[in-house]
Amino acid sequence: MIEARHLRILRAVAGTGSFSAAARELGCTQPAVSQQMKALEQSAGTPLLVRTGREMRLTQAGEALVRHAAGILAGLTAAEEEVAAIAGLRAGRVRLVSFPSGSSTLVPTALAAMRAEHPGTRISLVEAEPPRSVEMLREGDCDLALAFRYAGASAAAEWEDLVVTPLLTDRLVGLVPDGHRLAGAGRVGMSELADEPWIAGCPRCRRHLVEVCEGAGFTPRIDFATDDYPAVVGLVGAGLGVAVLPELAVESVRAKGVSTLAVEPAVEREVVALTLPDLARVPAVAATLGELVRAAAR
């Protein structure tokens, strides 16, 4: 019989490449990892790992088991949490992953409400941009993922196996230095910025920026690129270029020395919460999802 603890250890070994690294990740000893892996191979009836130098390599059977492990562990987590709630324990755990501007705007309000209404529920938060956050959800490393997709993107098909809850539509705004020729214009067409030096954000936003600019008839000259939204605002404020950022990102940053402009035509992204169908039925996950919806409506 294959046990859940064995699957967690196998995933850790596959992800880290060695028993010792897996032991450090799991907070146990290397002999314990080795012993559990032997027990798993006995249960499977075939080798799952092959040692190559100092690292471990998965056999074909090991690869198959790791591929199924995420869904199995997610299903077990869903079952454990739902049974605990039905039994009246009023406890739970939600692992939330969010992109940075969502973490600083939507998430605090939602988590504060969860703590007030459900003090027994433990919620953890880590940050990751999509598509990495979506990968974490599918791999069983989180229960809820805040993500976004731009209009016309193919994310709808990519998320067809997930429960998608729309939260809000986030419009992109233009940023120029206060002394810029367009600072008081109120709105700007993308083509009016064709000759400007650009400051770009996260990789996904960067790709979308290039697509939008090319749609307006030019390729942006990107002088600086950073995943840090305050850095983007700071660089614009210092007169080093222009940028477009989601309103959520601007809302979370003290925009000093910067003027914001409505972009024409409008460029929007949809902010959503994602989870797996099994996890959507877990009371703690459903409650957190509800608070995120209410936070987005404020």
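**Overall architecture, central strands and cis peptide bonds of the predicted model**

The accessible surface of the protein amounts to about 14600 Å², and carbon and sulfur atoms contribute 51% of that area. The structure described here is a predicted model, in which the mean pLDDT of the protein is 90 and 97% of the residues reach 70 or more. Confidence is highest in strand S8 (residues 197-200), at a mean of 96, and lowest in helix H7 (residues 155-158), where the mean is 68. Where pLDDT is low, the predicted coordinates should not be read in detail.

The C-alpha trace extends over about 70 × 50 × 30 Å along its principal axes, and the secondary structure consists of 12 helices and 12 strands. Of the 298 residues in the protein, 47% are buried. Among contacts with a separation of 6 or more, 71% are made by residues 24 or more positions apart in the protein.

In soluble globular proteins, nonpolar side chains tend to be buried together. In the present model, the largest nonpolar core comprises 71 residues, and Leu146, Trp198 and Leu274 are those with the most contacts inside it. Another core, of 18 residues, lies apart from this one and includes Leu7, Ile9, Phe19 and Leu65.

Strand S5 (residues 144-150) is largely enclosed by the rest of the structure, because 7 of its 7 residues are buried. Both faces of S5 are covered, with Leu144, Leu146, Phe148 and Tyr150 buried on one side and Ala145, Ala147 and Arg149 buried on the other. This division of residues may be read against a general pattern, namely that in a regular strand the side chains alternate between the two faces of the sheet.

The pairing of S5 involves two strands in opposite senses: S5 runs parallel to strand S3 (residues 92-98), to which 2 bridges join it, and antiparallel to S12, to which it is joined by 6 bridges. In the pairing with S3, Leu144 of S5 has Leu96 opposite to it. On the S12 side, Ala145 has Leu274 as its bridge partner, while Tyr150 is partnered by Arg269. Leu274 is also one of the residues with the most contacts inside the largest nonpolar core, as is Leu146.

Strand S12 (residues 268-275) is itself mostly covered, with 6 of its 8 residues buried. Besides its pairing with S5, S12 pairs with strand S6 (residues 163-177) in the antiparallel sense, over 8 bridges. Within this second pairing, Val271 of S12 stands opposite Leu168. Strand S6 also contains Thr165, which is buried at a relative accessible area of 16%. When residues up to four places away in sequence are not counted, Thr165 touches Val272, Ala273, Leu289 and Val293.

The loop between S11 and S12 contains Pro265, which is joined to Glu264 by a cis peptide bond with omega of about -5°. Glu264 lies in strand S11 (residues 258-264) and is partly exposed, with a relative accessible area of 34%. Although Glu264 and Val188 are 76 residues apart in sequence, they are 6.0 Å apart in space, C-alpha to C-alpha. Apart from neighbours within four places in sequence, Glu264 is in contact with Arg187, Val188, Gly189 and Met190. A cis peptide bond is also present from Pro130 to Pro131, with omega near 10°, and Pro131 is located in the loop between strand S4 (121-127) and helix H6 (132-138).

With regard to cysteine chemistry, the structure holds 0 disulfides. The cysteine sulfur closest to that of Cys142 belongs to Cys202 and is 18 Å away, which is too far for a bond, given that a disulfide requires sulfur atoms within 2.5 Å. Cys142 is buried, with a relative accessible area of 2%, and Cys202 likewise counts as buried, at 1% relative accessibility.

Conventions: Residues are numbered from 1 along each chain as its sequence is written. This is a predicted model: local features need pLDDT of at least 70, side-chain atom pairs count only at pLDDT 80 or more; totals for chains, interfaces and linings use all residues. Side-chain values use heavy atoms; hydrogens and water are left out. A nonpolar core is a set of buried Ala, Val, Leu, Ile, Met, Phe, Trp, Tyr and Cys residues joined through side-chain atoms within 4.5 Å. Buried means under 20% relative accessible area, exposed over 50%, partly exposed in between (1.4 Å probe, protein chains only). pLDDT is the predictor's confidence in each residue, from 0 to 100. Helices (H or I, at least four residues) and strands (E, at least two) are DSSP runs, numbered from the N terminus. Two strands pair if DSSP finds at least two bridges between them. Contact means heavy atoms within 4.5 Å. Accessible areas come from the Shrake-Rupley method with a 1.4 Å probe; for residues, only the protein chains shown count as cover.
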